[in-house]
Amino acid sequence: MTHDGKHHRNKWARVAVLAATVFATEIASAQEQQPEHTISYNAAISSDYRYRGLSQSRLDPAVSGGADYTHNPTGLYVGTWLSSIKWTKDLGGDGNVEWDIYGGKRGNLSDAITYDVGGLYYFYPDNGLKPNANTFELYGQLGYGPAYIKYSHALTNLFGTADSKQSGYLDVGANVDVTNGFVVNVHVGRQRVRHNGSLSYTDYKIGVTKDLGICSVALAWVKADTSAYLSPSAENLGKSAALLTVSKTF
C-alpha cells in the first residue's frame, strides 16, 4: 500500500464516520421531536355546524371543542369531541349536545400511502328519539399525499333513522397546501341510508383554510344534494351556503 493509498483510505473512513454521525444525530433529533405520548386540545366556533353536508344546528352558529391522545410509536389514538346542536329537538326529541368518542390506529403502509382505521360513537345525551339517535360507525381511510378516501359503516341505526343499520358513507377529498400557509380543501361524499333510499344523498365542499398562528380560519362552500332534511320552518338543511369556522388547536 502506497502512502497515497493510505491517505485515500483514511479520507473515506473519516467521511463514513462523519456520515454515520450525521445520520445518528438526525435520528436522535427526529425521536426528540416526536414524543412517545401526544395530547392536544381544540376549540372552534362556526357559522353553521355542517356534517356530511347537513346542518346540525338549524343553520345557526355552533361552538365545539375536544381533546386527542396519540401513542406515537404505535399510532394508536383516542379522542373526544363535543358540539352544540339543535336537530334532535327539531325531530321531537330533546338534548342540545353531540358528544363523539372515538379511537383507532393510523400509520403508513408505504412511504406514499397512509392509513387510519377505527370506530366512532356519536352520543346524544337525553335525545329521547325512537329509534335512538346514538350511532356507532367503523371507518377506514387511505391517504396518498394530500388526497384521501374514507368509508364509514354504521353498525347501529343511523342518527335515529328506523331500519337503517349497515348504512355507509363514502368520503373522497384532498387538502392541498398551496402557498403562504393556505390550504385548499375539496370533498365529495355519498351517504347511503339503507332501506331509506329517499334519505340518501351526495354532498360537496370546496374551501380554503389559513393558519394565522393565534388561530385557523376556514371559509368553505357546502351543499347537500337533497331536500329530504328540513328545519321546523321548512328550510332545507342541506342548501348551498358559505361556512366560516374559526378554530384553535393547542
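**Exercise 1. Determine whether Thr226 is buried or exposed, and describe its surroundings.**

Thr226 has a relative accessible area of 11%, and because buried means under 20% relative accessible area, exposed over 50% and partly exposed in between (1.4 Å probe, protein chains only), Thr226 counts as buried. The next step is to place Thr226 in the loop between β13 and β14 (241-249), where strands (E, at least two residues) are DSSP runs numbered from the N terminus. Finally, when residues up to four places away in sequence are not counted, Thr226 touches Leu54, Tyr201 and Asn236, contact being defined as heavy atoms within 4.5 Å.

This is a predicted model, in which local features need pLDDT of at least 70 and side-chain atom pairs count only at pLDDT 80 or more, while totals for chains, interfaces and linings use all residues. Residues are numbered from 1 along each chain as its sequence is written, and side-chain values use heavy atoms, with hydrogens and water left out.

**Exercise 2. Establish how the strands close into a barrel, and examine the pairing of β12 with β13.**

Following the order β1-β4-β5-β6-β7-β8-β9-β10-β11-β12-β13-β14, one finds 12 strands that close into a barrel with antiparallel pairing, two strands being paired if DSSP finds at least two bridges between them. Neighbouring strands of this sheet are turned by 20° against each other on average, direction ignored, with axes taken as lines fitted to C-alpha atoms and angles running from 0 to 180 degrees between N-to-C directions. Between β12 (residues 201-211) and β13 (residues 216-224), which run antiparallel, there are nine bridges, and the bridge partner of Tyr204 in β13 is Lys223.

**Exercise 3. Characterise the environment of Ala154 in strand β9.**

Ala154 belongs to strand β9 (residues 147-154) and is buried, its relative accessible area being 0%. Leaving aside neighbours within four places in sequence, the contacts of Ala154 are Phe136, Glu137, Lys165, Gln166 and Ser167. The C-alpha atom of Ala154 is separated by 6.2 Å from that of Gly168, although these residues are 14 residues apart along the chain.

**Exercise 4. Examine the backbone at Pro131, Phe159 and His195.**

As a reference, most residues other than glycine have a negative phi, and most peptide bonds are trans. Lys130 and Pro131 are joined by a cis peptide bond with omega of about -5°, and Pro131 is placed in the loop between β7 (113-123) and β8 (135-144). Phe159, in the loop between β9 and β10 (168-177), has a positive phi near 50° and counts as buried at 18% relative accessibility. His195, found in the loop between β11 (182-192) and β12, has a positive phi near 65°, but is exposed, with a relative accessible area of 53%.

Technical notes: Helix = DSSP H or I, 4+ residues; strand = E, 2+ residues; numbered from the N terminus.
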